[in-house]
Amino acid sequence: MQACGGGGGGDTTAPTPTPPVATARLQLDGGALRSETERGDPGTLLEKALSLQVSGQAAQDATYFSAQADGEAVETIAPIDWNPQTGRADVRLRLRSDLPPARYAGRLTLNACHDRACQRHLSGSPSTVEYEHRIHPAFQLSTHEIEFNGSVGERPAPSVVTISLPAQASGWTYQILNSSASAAWLEHRMNGAQLELQPVAGLKAGVHKAEIQFQPQGVDRPPRTLQVKATIEDLVRVLYVPGFAVHTLGTQAATSIRVLRTSLTPADLTWSAHSDTPWLRLVNSQGGLSNPVVWAPVPEAFEKLANQATHEAAIELKFSHGLPARRIAFRLIKRLAQLDSVDDSALQAGRPGRLILHGAGLDALRNNLAQLLSFEGGVSPVALQWLDNGRIQVELPAQAAGRYEIRLGTISGLPGQRIAYSVHQAP
């Protein structure tokens, strides 16, 4: 993990330092960084700050800062905030809270230099600070939503939710709050740290819903809620995944809905499909019991869908033999790696240069950068280097001044994201 700041900043890996310059000095405020928290939901971060003091440096003189941290608990380091008037700088370390409960430790190395390449260090630079991050068990559910699907005469298979407790908790309780007309449609049984759930046999066609509220014992924590839904179809069974997730490294660009027989289904049943969802296309729009309904995102429309978001869709199925039509509602979950900004300050026309891509979720791409990143005009990067979960470093050959585009694609071939960078005229 690295971060830079001050004097114009820049993401530059510091070479072996030369002897420090004695006229200015770097000093840290405080000792080791220590933090503790209960385990959070995925993506939960805890920020810890450390202050630096630079003395003996004139306010007009440039000072360049950089920081590196090791250890899996560090998500990223925020850009270093430097105030030349007061001689103070703040480093903010963002620590993950969604890791398994344990003690996580590492080192934070801070550099303060007179030059951007960090050849001339201030006295006291580099300086190393130990950090310790403890994550304790929290009150959590393994899922917040369970969906059952079935047809009349068939009982859906059971499902479970696992309950995690803080260290001080003595147990847990739950309460079922039903929104369906019948309060007895869902069977439930505690089994250790799990609650087993299954719809009762003989449910009528329709949608049955319940809300289950969990509360730990012996500790004061907000309750957790589980939403449960059972959709029971009549005469014909429609099997589908209610949420189709698209990831950068995922290989699926399409998915399907299966029309299955039950004891009440005519053997020669046929179907036709239609959808008004603008970003969805039907690969096949009609068939029989042996043919799945295949759908896929429209690439041009998919590219415009918001990333890290859920998008609703529906397909209407019509059947032969007078069976009632079904509206199948589902979700496309777009979870692509995200590029937020680009640092192109080091790119000058006619010269090779380096840029830094900033974003989120880049850790999973480290072995596929050459396959996923493409550059306008067929430019081939000299080197691609994954730095951390939030940064990728790109070495580019000489280019003319202008504005260019980078595309971050997907393994499945669906479009990912575009981001622009500029090559600046040499001064």
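Is His321 buried, partly exposed or exposed? In this predicted model, His321 counts as partly exposed, its relative accessibility coming out at 48%. The backbone at His321 is a bit unusual on paper: phi is positive, about 65°, although the residue is not a glycine. His321 sits in the loop that runs between strand S27 (309-319) and strand S28 (326-335). Cys118 makes a useful companion case, with a positive phi of about 60° and, again, no glycine to account for it. Cys118 belongs to the loop between strand S9 (102-113) and S10. At 6% relative accessibility, Cys118 counts as buried, whereas His321, at 48%, is partly exposed.

One more backbone feature turns up on the other side of S10. The peptide bond joining Ser125 and Pro126 is cis, with omega at about -5°. Pro126 is placed in the loop between strand S10 (122-123) and strand S11 (127-136).

Now for the sheets. One open sheet is built from 4 strands in the order S13-S19-S18-S15, and the pairing is mixed. Its edges are strand S13 (145-151) and S15, each of which pairs on one side only. From one strand to the next, the twist averages 20°. S15 and S18 run antiparallel to each other and pair over 8 bridges. Within this part of the sheet, Leu177 stands opposite Glu211 in S18.

On to the aromatic rings, where the count comes to 7 aromatic pairs. Tyr174 and Phe214 make up one of them, a tilted pair with 6.3 Å from centre to centre and 35° between the planes. Tyr174 lies in strand S15 (residues 171-178) and Phe214 in strand S18 (residues 206-217), so this contact ties together parts that are 40 residues apart in sequence. How accessible are the two partners, Tyr174 and Phe214? Tyr174 is partly exposed, with a relative accessible area of 23%, while Phe214 is buried at 0% relative accessibility. The rings therefore fall into separate classes under a cut-off that calls a residue buried when its relative accessible area is under 20%.

A second pair, Phe244 with Trp295, is edge-to-face: the centres are 5.5 Å apart and the planes meet at 85°. This pair also links distant parts of the chain, with Phe244 in strand S21 (residues 243-247) and Trp295 in strand S26 (residues 293-297), 51 residues apart. Both partners count as buried, Phe244 at 6% relative accessibility and Trp295 at 2%. Phe244 and Trp295 are also part of a wider arrangement, since ring pairs link Phe244, Trp279, Trp295 and Phe330 into a cluster.

Rings meet charges as well. The charged end of Arg366 sits over the ring of Trp386, 3.7 Å from its centre. Lys334 does something similar with Phe302, lying over the ring face at 4.5 Å from the ring centre.

That leaves the contacts between charged side chains. Side chains of opposite charge can pair when their charged atoms come close. Searching the whole structure gives 14 salt bridges. Among them is the contact between Arg189 and Glu196, with an N to O distance of 2.5 Å. Both residues are partly exposed, Arg189 with a relative accessible area of 45% and Glu196 with 22%. Glu132 and Arg134 form another salt bridge, at 3.2 Å from N to O. Here the acid is buried, Glu132 having a relative accessible area of 17%, but the base is partly exposed, with 34% for Arg134.

Which strands does the salt bridge between Glu395 and Arg354 link? The side chains of Glu395 and Arg354 meet at 2.7 Å, N to O. Glu395 lies in strand S33 (residues 391-396) and Arg354 in strand S30 (residues 353-360), making this a link between distant parts of the chain, 41 residues apart. Glu395 is partly exposed, with a relative accessible area of 23%, and Arg354 is partly exposed too, at 29%. Elsewhere, salt bridges with shared partners join Glu303, Glu405, Arg407 and Arg418 into one network.

Notes: Residues are numbered from 1 along each chain as its sequence is written. This is a predicted model: local features need pLDDT of at least 70, side-chain atom pairs count only at pLDDT 80 or more; totals for chains, interfaces and linings use all residues. Side-chain values use heavy atoms; hydrogens and water are left out. Rings of Phe, Tyr and Trp (its six-membered ring) pair if their centres lie within 6.5 Å; planes under 30 degrees apart count as stacked, over 60 as edge-to-face and the rest as tilted. Helices (H or I, at least four residues) and strands (E, at least two) are DSSP runs, numbered from the N terminus. Buried means under 20% relative accessible area, exposed over 50%, partly exposed in between (1.4 Å probe, protein chains only). A charge sits over a ring if NZ of Lys or CZ of Arg is within 6 Å of the ring centre and within 35 degrees of the ring normal. Two strands pair if DSSP finds at least two bridges between them. Axes are lines fitted to C-alpha atoms, for helices over the stretch in contact, and angles run from 0 to 180 degrees between N-to-C directions. A salt bridge is a side-chain nitrogen of Lys or Arg within 4 Å of a carboxyl oxygen of Asp or Glu.
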